[in-house]
Amino acid sequence: MRKAVVPTAGLGTRFLPAAKATPKEMLPVVDKPAIPYVVEEAAAAGLDDVLMVTGRHIEDHFDHAFELEQALAAKGDTVRLDAVREPARLASIHHIRQGDPLGLGHAVPCARHHVGDQPLAVLLGDDLIDPRETLLSRMLDVRDRRLGSVVALMEVPPEQIHLHGCAAVEPTGKEDVVRVTGLVEKPARQHAPSRYAAIGRYVLDPAVFPVRERIPPGRGGEIQLTDALQEPAAGGTVHGVVFKGLRHDTGDKAGYLRTVVRPACERPDLGPEFVAWLRGFLEELEGAHPGHRDVAARHAKAPAPGRGYAHAAL
C-alpha cells in the first residue's frame, strides 16, 4: 500500500476572513503551513504517492518557486533555499480539483481513478499527529492483518462528542483495536453511542467506493464519509485504532492557537525565548487589570487537556 489522499478543498468557514483567499491547511504552524506536516506523516509511514484533492492554492506550495529559489541561491541562503525546496521532495505529489466542496464523502471518491482498486489512506489536513507518534503505521498494520477499512478513534469528553463522527464499538481482544459496528456523524451528546470520536485518519478498502455512490447527502446536506462506512461496519469489516497520543487539532481557532504554541515551545531556536515570554505574559495576566485576572483564573480552573489535545507545557 503506497497511496494516500489528502482532501484540502473545504471552505474553512470557521477561519474566515483568513480563509477567504488562503485555504485553512495553508495557515502557518510557526513558519510552515499545516499541510506539509500531513504529507510528512504519510511519507514516514511508507505512503510516497500522495494525491491532493484541492480547491485552490495548495499546488503552489509543493511546486518549485524558481524566482524565489534563484534569489535565495544568489544570496547564498542555503538554509531557506533548502526549506523552500523540501515540500517537493517529500513524496510524489499529484493534484485533482474537487470542484464543489460537497463534503468528505465527495472528496475521497475524486481519487478513485488515481488509486484504482487499491486501498488508500485518507489524512485530513486539520488534524496533525505529532511526528513522534506511529498512528498511521499502526493503522496500516491493522489493515494488513484484518483487511477491510480502519478508522482512527480517540476518546473525548462527552461535551465534545457532538463535534465529531462517533463510533459504536465492541472489543477485539487487542487493547488499542476495536471493531466498529456503526458510525454517527456529530450526534447530540445524549444520542452518542460512545465517547470514541473519529479523528482525521482513515485507511479505506476500495469496497467503500460503490457504497458511497449509493448513499444520499447526510448531515448538513453534505456527503459524509461516515455514512459510506455504515454498511461495511454492519458487515464487520471496519476496525478502529484507539489513539492515545498527541494530536494537534487545528480545526477551530483555539485548537489552532495551541497547535502553534507547542511546536514553538519545543523548537531550540525559538523555545527558550518564547517560553520565557509566555511565563511573563501569564504573570502579567494574573497581576494586571481585573478583567485580565478573570481570564487567567478561568484558564487556571479549566481542566487540563488530555494527551490527545495539544497544549503547551509552560
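These are my notebook entries on a predicted model, covering one strand, one helix and several side-chain contacts.

**Entry 1. Strand β4**

I started with strand β4, residues 49–54. Are its residues buried or exposed? I found six of the six buried, so the strand is largely enclosed by the rest of the structure. For this I counted a residue as buried when its relative accessible area was under 20%.

Next I looked up which way the side chains point. In a regular strand the side chains alternate between the two faces of the sheet. In β4, Asp 49, Leu 51 and Val 53 point one way. Val 50, Met 52 and Thr 54 point the other way. Both sets are buried.

Then I looked for a partner strand. Strand β1, residues 3–7, pairs with β4 in the parallel sense. I noted five bridges for this pair. Which residue of β4 does Val 6 stand opposite? Val 6 faces Met 52.

I also checked the start of β4 against strand β5, residues 92–97. Ser 92 belongs to β5, and its C-alpha atom is 5.0 Å from that of Asp 49. Along the chain these two residues are 43 residues apart. Ser 92 has 36% relative accessibility, so I put it down as partly exposed.

**Entry 2. Helix α1 and what comes after**

I moved to helix α1, residues 34–44. Which residues of α1 are buried? I wrote down Ala 34, Ile 35, Pro 36, Val 38, Val 39, Glu 41 and Ala 42. After α1 comes Gly 46, and its phi is positive, near 90°.

I noted one contact between a charge and a ring here. The charged end of Lys 32 sits over the ring of Tyr 37. The distance from that end to the ring centre is 4.2 Å.

**Entry 3. Aromatic rings in helix α12**

How many aromatic pairs does the structure hold? I found two. In one of them, the rings of Phe 274 and Trp 277 have centres 6.1 Å apart and planes at 10°, so I recorded the pair as stacked. In the other, Trp 277 and Phe 281 are stacked too, at 5.2 Å centre to centre and with 5° between the planes.

I then looked at where these rings sit. Phe 274 and Trp 277 lie in helix α12, residues 271–287, three residues apart. Trp 277 and Phe 281 lie in α12 as well, four residues apart. Each of these spacings is about one turn of the helix. An α-helix has 3.6 residues a turn, so residues three or four places apart point the same way.

Phe 274, Trp 277 and Phe 281 form one aromatic cluster. I looked up how covered two of its members are. Phe 274 is partly exposed, at a relative accessible area of 25%. Phe 281 is partly exposed at 34% relative accessibility.

Which residues make the nonpolar surface patch of about 300 Å²? I listed Trp 277, Phe 281 and Leu 282.

**Entry 4. Salt bridges**

Side chains of opposite charge can pair when their charged atoms come close. I found 20 salt bridges in the structure, and I looked at some of them.

Arg 2 forms one with Asp 48, and their closest N and O atoms are 3.0 Å apart. Arg 2 lies in the segment before β1 and Asp 48 in the loop between α1 and β4, so the pair ties together parts 46 residues apart in sequence. Both ends are partly exposed: Arg 2 has a relative accessible area of 43%, and Asp 48 has 34%.

Arg 179 and Glu 170 form another, with 3.3 Å between the closest N and O atoms. Arg 179 is partly exposed at 26% relative accessibility, and so is Glu 170 at 35%.

Glu 175 and Lys 244 meet in a salt bridge of 4.0 Å, N to O. Why does this pair tie together parts that are 69 residues apart in sequence? Glu 175 lies in the loop between β9 (165–171) and β10 (177–185), and Lys 244 lies in the loop between β12 (238–242) and β13 (247–249), so the two loops are joined by this pair. Both Glu 175 and Lys 244 are exposed.

Last, I noted a network. Asp 130, Arg 132, Arg 262 and Glu 266 are joined into one by salt bridges that share partners.

Terms used. Residues are numbered from 1 along each chain as its sequence is written. This is a predicted model: local features need pLDDT of at least 70, side-chain atom pairs count only at pLDDT 80 or more; totals for chains, interfaces and linings use all residues. Side-chain values use heavy atoms; hydrogens and water are left out. Buried means under 20% relative accessible area, exposed over 50%, partly exposed in between (1.4 Å probe, protein chains only). Two strands pair if DSSP finds at least two bridges between them. Rings of Phe, Tyr and Trp (its six-membered ring) pair if their centres lie within 6.5 Å; planes under 30 degrees apart count as stacked, over 60 as edge-to-face and the rest as tilted. A charge sits over a ring if NZ of Lys or CZ of Arg is within 6 Å of the ring centre and within 35 degrees of the ring normal. Patches are made of residues with over 30% relative accessible area and no salt bridge: like charges are joined within 9 Å, nonpolar side chains (Val, Leu, Ile, Met, Phe, Trp, Tyr) within 5 Å. Accessible areas come from the Shrake-Rupley method with a 1.4 Å probe; for residues, only the protein chains shown count as cover. A salt bridge is a side-chain nitrogen of Lys or Arg within 4 Å of a carboxyl oxygen of Asp or Glu.
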